[in-house]
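Work through the exercises below with the sequence and the 3D structure at hand. Each task is followed by its solution.

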Amino acid sequence: MTDTWSLEGAWFKNCNCDPGCPCDFNQAPTTGQCEGIIGMRIDKGHFGDVSLDGLKFAGAAWWPGRLDEGNGHILPIVDESADEDQRNALLTIMSGQAGGTLFEIFAAVCPHVREPIFAPIDFEFDIESRSGRLRVGDVIENEVETLRGIDPPDPYRVLVRIPGGFEYTGENQDAETALSKSLKVRGGAELDFEHTDTHSSMAFVKHEGQVPAAA
């Protein structure tokens with residue numbers, strides 16, 4: 001019997017585009033290139049018999065154009081509290097070697113993979129108020145808040161639902177659109193960037209696959 005893996009929990013995707021991620025609509029990035037971060041808090045997860053409950057991971061990425069055109073750079077980051085087995089499990093999943101459509105796609109469009117970093121990850125996530133924070137060592141600082149109306153500036157809600165999609169894989173297959181008030185990444189070369197008032201996606205997701213024999 002083949003061992004399986006599964007990740008369930010809270011998901012951020014925050015980038016340099018205007019709110020309403022063009023990738024969700026198969027459109028080009030707002031400013032030509034794509035640069036941003038992803039992060040996940042694993043509320044429930046396993047890799048074979050290795051528990052991943054409570055761990056977090058993140059990534060900083062840059063593409064010169066549309067994601068589907070590839071040639072991206074990515075920096076994988078794993079919670080420093082993970083032990084060796086958990087680190088190996090998360091890096092195997094993130095690399096796409098264990099299946100899971102989202103991670104396989106990242107692997108295909110990001111041929112330039114940096115050495116992974118193990119760092120403290122501060123992950124705050126309130127999907128009801130569409131607010132949160134992601135801080136990863138000295139690499140990522142990100143603050144998120146709700147979109148607001150024009151007059152009056154009351155909280156404003158926009159949901160993106162993609163039935164059968166590969167990213168927003170929670171029960172309703174949707175994500176809340178929020179505002180990345182500040183996004184600062186210090187990952188070196190292409191992965192040094194800073195933005196204000198740009199896009200944020202917040203969702204509860206589930207990803208799963210099979211543990212490869214080599215693992």
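A nonpolar core is a set of buried Ala, Val, Leu, Ile, Met, Phe, Trp, Tyr and Cys residues joined through side-chain atoms within 4.5 Å. The model used here is predicted.

**Exercise 1.** Find which residues touch the most other members of the largest nonpolar core, and which strand gives the most to this core.

Solution. Step one: the core has 33 residues, and Trp-5, Leu-7, Ile-42, Phe-47, Leu-52 and Phe-57 touch the most other members. Step two: the elements that give two or more residues include strand S1 (4–15), strand S2 (34–47) and helix H1 (84–94). Step three: S2 gives the most, with 5 residues.

**Exercise 2.** State which face of strand S8 is covered, and how S8 and strand S9 pair.

Solution. Step one: in S8 (residues 121–126), Ile-121, Phe-123 and Phe-125 form the covered face, while Asp-122, Glu-124 and Asp-126 form the uncovered one. Step two: S8 pairs with S9 (residues 131–136) in the antiparallel sense over 6 bridges. Step three: opposite Phe-125 stands Gly-132 in S9. Step four: the hairpin has 4 residues between its strands, and Arg-130 takes a positive phi near 55 degrees.

**Exercise 3.** Explain what the salt bridge of Arg-114 and Glu-190 ties together.

Solution. Step one: the two side chains meet at 3.1 Å, N to O. Step two: Arg-114 lies in the loop between strands S6 and S7, and Glu-190 in the loop between strands S14 and S15, so the pair ties together parts that are 76 residues apart in sequence. Step three: Arg-114 is partly exposed at 21% relative accessibility, and Glu-190 is partly exposed at 29%.

Technical notes: Residues are numbered from 1 along each chain as its sequence is written. This is a predicted model: local features need pLDDT of at least 70, side-chain atom pairs count only at pLDDT 80 or more; totals for chains, interfaces and linings use all residues. Side-chain values use heavy atoms; hydrogens and water are left out. Buried means under 20% relative accessible area, exposed over 50%, partly exposed in between (1.4 Å probe, protein chains only). Two strands pair if DSSP finds at least two bridges between them. A salt bridge is a side-chain nitrogen of Lys or Arg within 4 Å of a carboxyl oxygen of Asp or Glu.
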